[in-house]
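Got your viewer open? Let's take a walk through this model, one selection at a time.

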Number of protein chains: 4
Amino acid sequence: MTGTAGQDRAERRSSLSVPDRLLSVATRLFAERGFERTSVQELVDAAGVTKGAMYHYFSSKDDLLYAIYQRVLAMQTRRLNEFAQAGGPVEERLRAAAADVVHTTVDNLDDTVIFFRSLHMLSPDRQSAVRKERRRYHECFRAMIEEGARAGVFRSDVPADIVVTQYFGAVHHLGMWYRPEGQLGGAEIGAYYADLLLASLRP
Amino acid sequence: MTGTAGQDRAERRSSLSVPDRLLSVATRLFAERGFERTSVQELVDAAGVTKGAMYHYFSSKDDLLYAIYQRVLAMQTRRLNEFAQAGGPVEERLRAAAADVVHTTVDNLDDTVIFFRSLHMLSPDRQSAVRKERRRYHECFRAMIEEGARAGVFRSDVPADIVVTQYFGAVHHLGMWYRPEGQLGGAEIGAYYADLLLASLRP
Amino acid sequence: MTGTAGQDRAERRSSLSVPDRLLSVATRLFAERGFERTSVQELVDAAGVTKGAMYHYFSSKDDLLYAIYQRVLAMQTRRLNEFAQAGGPVEERLRAAAADVVHTTVDNLDDTVIFFRSLHMLSPDRQSAVRKERRRYHECFRAMIEEGARAGVFRSDVPADIVVTQYFGAVHHLGMWYRPEGQLGGAEIGAYYADLLLASLRP
Amino acid sequence: MTGTAGQDRAERRSSLSVPDRLLSVATRLFAERGFERTSVQELVDAAGVTKGAMYHYFSSKDDLLYAIYQRVLAMQTRRLNEFAQAGGPVEERLRAAAADVVHTTVDNLDDTVIFFRSLHMLSPDRQSAVRKERRRYHECFRAMIEEGARAGVFRSDVPADIVVTQYFGAVHHLGMWYRPEGQLGGAEIGAYYADLLLASLRP
DNA sequence: GATGAATGAGAGTTCATTCAT
DNA sequence: GATGAATGAACTCTCATTCAT
């Protein structure tokens with residue numbers, strides 16, 4: 001009886017499971033107002049659950065944040081692998097991967113905002129884990145650039161590392177200025193960004 | 001003579017004034033552990049002053065953060081203006097400005113880290129003020145790109161806005177990975193970044 | 001069984017609930033030393049609870065003060081209504097109500113002291129709410145005086161408003177001088193006050 | 001030179017001496033927002049002086065408050081003495097004194113508001129001193145009532161003390177409701193109050 | 001599994017007062 | 001006489017987390 005009464009609370013009607021609902025609400029709130037400006041109370045209120053329920057699924061607020069990182073990292077890695085392992089000339093693979101990471105970033109802007117703004121709020125161990133995973137991601141990208149350089153389709157007078165960090169820097173900063181209501185969509189910006197990248201790599 | 005007794009406190013021996021000392025210590029601590037992870041108590045202890053002294057000069061912790069933003073914005077604007085208003089062909093002016101912003105960023109890495117990580121901790125009014133000032137900064141850069149496009153030395157099939165946000169995104173993210181102890185210095189990275197930018201703009 | 005261990009703390013042994021205990025202790029302390037001279041720490045120590053517990057029930061110190069006002073207003077209104085709506089000649093109803101408000105005031109002296117001394121410490125909104133409710137209370141009293149004036153049993157050459165504010169001024173000030181250990185009890189003072197009021201109203 | 005520049009500060013142009021300016025500003029601010037809600041900084045800013053200047057004339061904030069009490073007490077005593085020592089029948093002397101205390105209270109409403117709201121903020125010693133002086137004031141009033149009772153012009157079945165505290169209670173509470181912009185002036189209210197007092201004393 | 005009352009350490013901020021100049 | 005930078009203790013309030021139920 002009492003349970004039914006509480007069902008009209010925010011997000012209660014959602015079909016997501018409790019942990020997924022918490023993850024989704026946390027992503028929105030952490031992006032909107034920042035990790036430390038979001039209290040656990042606000043979080044559980046917005047998710048329509050109680051504190052006890054949250055602490056049943058996540059051992060701490062930090063744990064919830066880390067879960068967001070894990071979800072983002074998993075998705076990014078999966079997508080990059082798809083593009084890197086596709087066939088075709090390296091310049092096409094790079095262009096596709098470069099455009100896609102922009103598109104995906106724009107489609108998951110909250111994740112990106114949190115990713116770079118709140119990394120320092122994770123425990124040192126988890127920060128290391130995230131950085132390590134990111135490095136693997138970069139390596140994969142760098143490998144394509146070096147492959148192209150060896151093949152002579154890309155210039156080789158600029159370290160591939162520099163190219164990668166420059167490109168990803170730009171991508172990560174989309175969260176600082178991109179607004180969905182603007183003129184350009186994720187696909188268009190992705191195309192431009194990838195085009196500029198390829199142009200800068202011409203021998 | 002008086003006051004010498006207390007001089008052995010942390011940073012007391014410094015020749016800086018109290019507000020400057022606070023600004024300098026705050027920049028370091030905010031960059032190291034984040035704005036919200038740094039308590040006012042830690043701040044004043046590290047600066048060798050008391051809380052009361054801090055609140056004598058800064059009306060709030062937010063105010064201290066904003067003072068850092070103002071200092072950064074003033075410096076950035078000043079430098080960009082120097083390069084933009086210099087003579088010579090537009091591609092040379094752009095290259096010099098693009099390389100310099102990297103070099104300056106690397107030389108003031110703490111400022112940059114704070115700038116992009118803690119913007120959301122400022123009061124809404126101040127966030128707007130900072131964003132507005134940044135926009136002016138971008139405009140100046142974009143103007144050079146459009147000038148080059150009209151002159152035919154730069155391509156014109158990619159919106160100058162896209163080029164600017166991409167480039168500055170990369171620059172701002174230097175704080176996420178650049179470590180002074182690494183192999184490349186600010187000047188070298190600046191040269192590479194500027195070179196990639198110019199290359200991407202070839203018609 | 002559990003929880004018995006902590007029971008020896010001040011007021012813990014009391015059978016009142018946490019919010020009631022806080023309300024009761026706050027009334028005593030606010031009357032004794034004033035609202036602003038009473039720190040939240042003193043309050044919760046005296047009530048045998050922790051700060052967190054207090055803020056679980058009252059959103060601020062101001063909120064606790066307002067709760068006291070609400071309790072007082074509710075009681076005053078209830079009692080006055082009983083007397084006003086009783087039957088009998090208007091001069092008897094007025095005498096009974098006038099005597100009772102004195103008696104009740106004396107029996108709840110702490111409440112009265114707080115009521116008039118700390119009104120300005122409430123938020124402006126709440127001050128207005130309290131004043132509005134008080135005005136309703138005065139109206140009810142005034143109505144009786146006007147009724148008597150129309151009936152010819154009271155004089156009508158002095159505005160009823162003046163009579164009411166004069167009388168309640170006197171009642172409210174009981175908190176400034178009345179001491180329970182004095183010679184006269186609440187009932188006696190009430191009888192004298194009411195008698196003087198009725199005498200002053202003779203046509 | 002610099003001194004002249006600061007002359008346009010608030011109240012600087014006033015012809016009052018520094019201590020009088022402080023007293024006048026403190027009276028206004030303490031009445032408006034309460035003693036503890038008024039900081040020494042606000043006080044000296046509003047008076048157009050510096051903290052050092054204030055502490056030169058008043059040894060503490062409490063001292064400034066006490067100076068207000070002293071001024072009020074001196075004035076009240078002086079006026080009452082004038083009326084009490086005047087000639088004429090006792091009922092006329094009492095009526096004049098009773099009307100005058102209302103008039104004077106209304107003309108110095110800030111003083112009255114402070115007097116009863118902030119008494120508990122004085123040091124215990126000073127509270128005693130103030131209460132003692134007030135008692136003397138009441139005695140003088142009571143003496144007139146007893147004189148009238150002995151002379152048979154006033155009733156003697158109500159203790160004179162009760163009459164006095166009732167009347168002064170009403171007077172002191174003028175600060176809680178009287179607003180200068182209302183319909184009735186101090187003289188009119190004084191006449192009504194005195195009339196009600198005299199009426200209530202009819203044998 | 002889930003609740004929410006309670007904890008307690010610590011946050012940012014205020015402020016009357018002092019004192020070297 | 002007068003200044004205002006500096007003090008430092010005390011303030012109200014927040015919050016992630018725990019635990020008896």
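How much area is buried between domain 1 of chain A and domain 2 of chain A? Keep that in mind while you make your selections. One thing to know before you start: this is a predicted model.

**Stop 1: chain A as a whole.** Select chain A and show it as a cartoon. You'll find eleven helices and zero strands, so to speak an α after α after α from the N terminus on. Its C-alpha atoms fill a box of roughly 70 × 40 × 30 Å along the principal axes.

**Stop 2: the two domains.** Now colour residues 2-58 of chain A one way, for domain 1, and residues 62-200 another way, for domain 2. The C-alpha centres of these two domains lie 30 Å apart. Where they meet, 13 residues come from domain 1 of chain A and 14 residues from domain 2 of chain A. And here's the reply to the opening question: about 1,200 Å² is buried between them, with carbon and sulfur atoms giving 73% of that area.

**Stop 3: the annotated stretches.** Select residues 16-76 of chain A, where an unreviewed UniProt entry places "domain: HTH tetR-type". This span is 77% helix and 0% strand, and its end C-alpha atoms lie 23 Å apart. Next, select residues 39-58 of chain A, which the unreviewed UniProt entry labels "DNA-binding region". Here the helix share is 75%, the strand share is 0%, and the end C-alpha atoms lie 15 Å apart.

**Stop 4: the largest pocket.** Time to look for empty space. Rolling a probe the size of a water molecule over the atoms shows where such space is left. The largest pocket holds about 960 Å³. Which residues should you click to get to its centre? Of the 44 that line this pocket, the closest to the centre are Phe116(A), Arg117(A), Val113(B), Phe116(B) and Arg117(B). Show helices too: those giving two or more residues to the lining include helix 7 (109-117) and helix 8 (124-151) of chain A, along with helix 6 (109-117) and helix 7 (124-151) of chain B. Colour the lining by residue type and you'll get 19 nonpolar, twelve polar and 13 charged.

**Stop 5: chains that don't touch.** Finally, show chains A and C together. No contact joins chain A and chain C, and their closest C-alpha atoms lie 12 Å apart. Then switch to chains B and D: no contact joins chain B and chain D, with 12 Å between their closest C-alpha atoms.

Terms used. Residues are numbered from 1 along each chain as its sequence is written. Chains are lettered from A and ligands numbered from 1 in the order in which they are written. This is a predicted model: local features need pLDDT of at least 70, side-chain atom pairs count only at pLDDT 80 or more; totals for chains, interfaces and linings use all residues. Side-chain values use heavy atoms; hydrogens and water are left out. UniProt positions are given in the numbering used here, feature names are shortened, and annotations may be inferred rather than shown by experiment. Helices (H or I, at least four residues) and strands (E, at least two) are DSSP runs, numbered from the N terminus. On a 1 Å grid over the protein atoms alone, a cavity is a set of points where a 1.4 Å probe fits but cannot get out, and a pocket is an open set with protein on both sides within 12 Å along at least five of seven lines; lining residues have an atom within 4 Å of a point. Grid points are joined across faces, edges and corners, and a volume is the space filled by probe spheres set on the points. Ala, Val, Leu, Ile, Met, Phe, Trp, Tyr, Cys and Pro count as nonpolar, Asp, Glu, Lys and Arg as charged, and the others, Gly among them, as polar. Contact means heavy atoms within 4.5 Å. Domain bounds come from an automatic or database domain assignment. Buried area is the accessible area (1.4 Å probe) that two parts lose on being put together, summed over both.
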